[in-house]
Amino acid sequence: MEKQNRPKIALDGAVFIMDAENEYLIDNTTPHNKIDLSKHRNLSMYEFILDRTKRNSAIGSYLMPDAHYDLNRIRLPVDLFKMDRIPSDEKIKEINQDAESRGMNFALVDSALDERLSGKLPALDIYGDIFTVDLRFNALRSETLGRSFHFDSFDGLMSADKCHFFYHVPSRQLCFPDYDISEMPKDICLVEIDGPQTLDPVG
């Protein structure tokens, strides 16, 4: 399988290219950094301790990940490396849900995340206007409107995983109605979006 067509896998925030032929995980950002899976094969599973800092397998079987923040135990089914093509997003979701339920600490990269890793910023449609999620500026940015909505503007309307804001549709602006209003003013809508880290986990 050609390199650009190989599946990618995320291990604790680090993304690797899956080289099934040579039993390697190749660091997506530092290709010379590789995890040799042949050293960690155990029947139907590759099992190893990941060093988050070095983005490689930790040396020494005595290391206990529960006692070290930078260590995490990874389990990868050998069957993952028998795929002859990148799975569909639906299949990736199914694999990832199973891995999460079994505490295997990996996630295959779907097409949306792959585009993000290639440099494309995620976007949102807010009543017909497209806003780019740009965490460099902590903002939702619209090129067509020539304005940005900073996440700081949602202060008081943010939870751990959601943001809420009032949007005046005709003027395409944020608005801040009084909290004691009994009904929503005309043309003002309450918008709910995911939090910044959910919208763009790559940052």
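This is a short walk through one chain, its fold, two of its charged residues, its cysteines and its largest pocket.

Before the details, two notes on the source. The model is predicted, so local features need pLDDT of at least 70 and side-chain atom pairs count only at pLDDT 80 or more, while totals for chains, interfaces and linings use all residues. Residues are numbered from 1 along each chain as its sequence is written, and side-chain values use heavy atoms, with hydrogens and water left out.

Start with the chain. There are three helices and 16 strands; helices are DSSP runs of H or I with at least four residues, strands are runs of E with at least two, and both are numbered from the N terminus. The chain has 203 residues, and 39% of them count as buried, meaning under 20% relative accessible area with a 1.4 Å probe, protein chains only. Contact here means heavy atoms within 4.5 Å. Of the contacts with a separation of 6 or more, 43% are between residues 24 or more positions apart.

Next, Lys8. Lys8 sits in strand S1, residues 8-11. In sequence Lys8 and Val109 are 101 residues apart, yet C-alpha to C-alpha they are 5.4 Å apart. Beyond four places in sequence, Lys8 touches several residues, including Phe16, Asn28, Val109 and Asp114. With Asp114 there is a side-chain polar contact of 2.9 Å. A polar contact is a pair of N or O atoms within 3.5 Å; within protein, one must be able to donate a hydrogen and the other to accept it, and residues adjacent in sequence count only if both atoms are side-chain atoms.

Now the cysteines. How many disulfides does the whole structure hold? The search finds zero, a disulfide being a pair of cysteine sulfur atoms within 2.5 Å. For Cys175, the nearest cysteine sulfur belongs to Cys189, at 8.8 Å, which is too far for a bond. Cys175 is also buried, at 14% relative accessible area.

Last, the largest pocket and Asp200. A pocket is an open set of points on a 1 Å grid over the protein atoms alone, where a 1.4 Å probe fits, with protein on both sides within 12 Å along at least five of seven lines; lining residues have an atom within 4 Å of a point. The volume of the largest one is about 340 Å³, taken as the space filled by probe spheres set on the points, which are joined across faces, edges and corners. It has 20 lining residues, and Asp110, Ala112, Leu113, Arg116 and Pro201 are the closest to its centre. Arg116 also makes a side-chain polar contact of 2.8 Å with Asp200. Asp200 lies in the segment after H3 and is buried, at 1%.

Notes: Buried means under 20% relative accessible area, exposed over 50%, partly exposed in between (1.4 Å probe, protein chains only).
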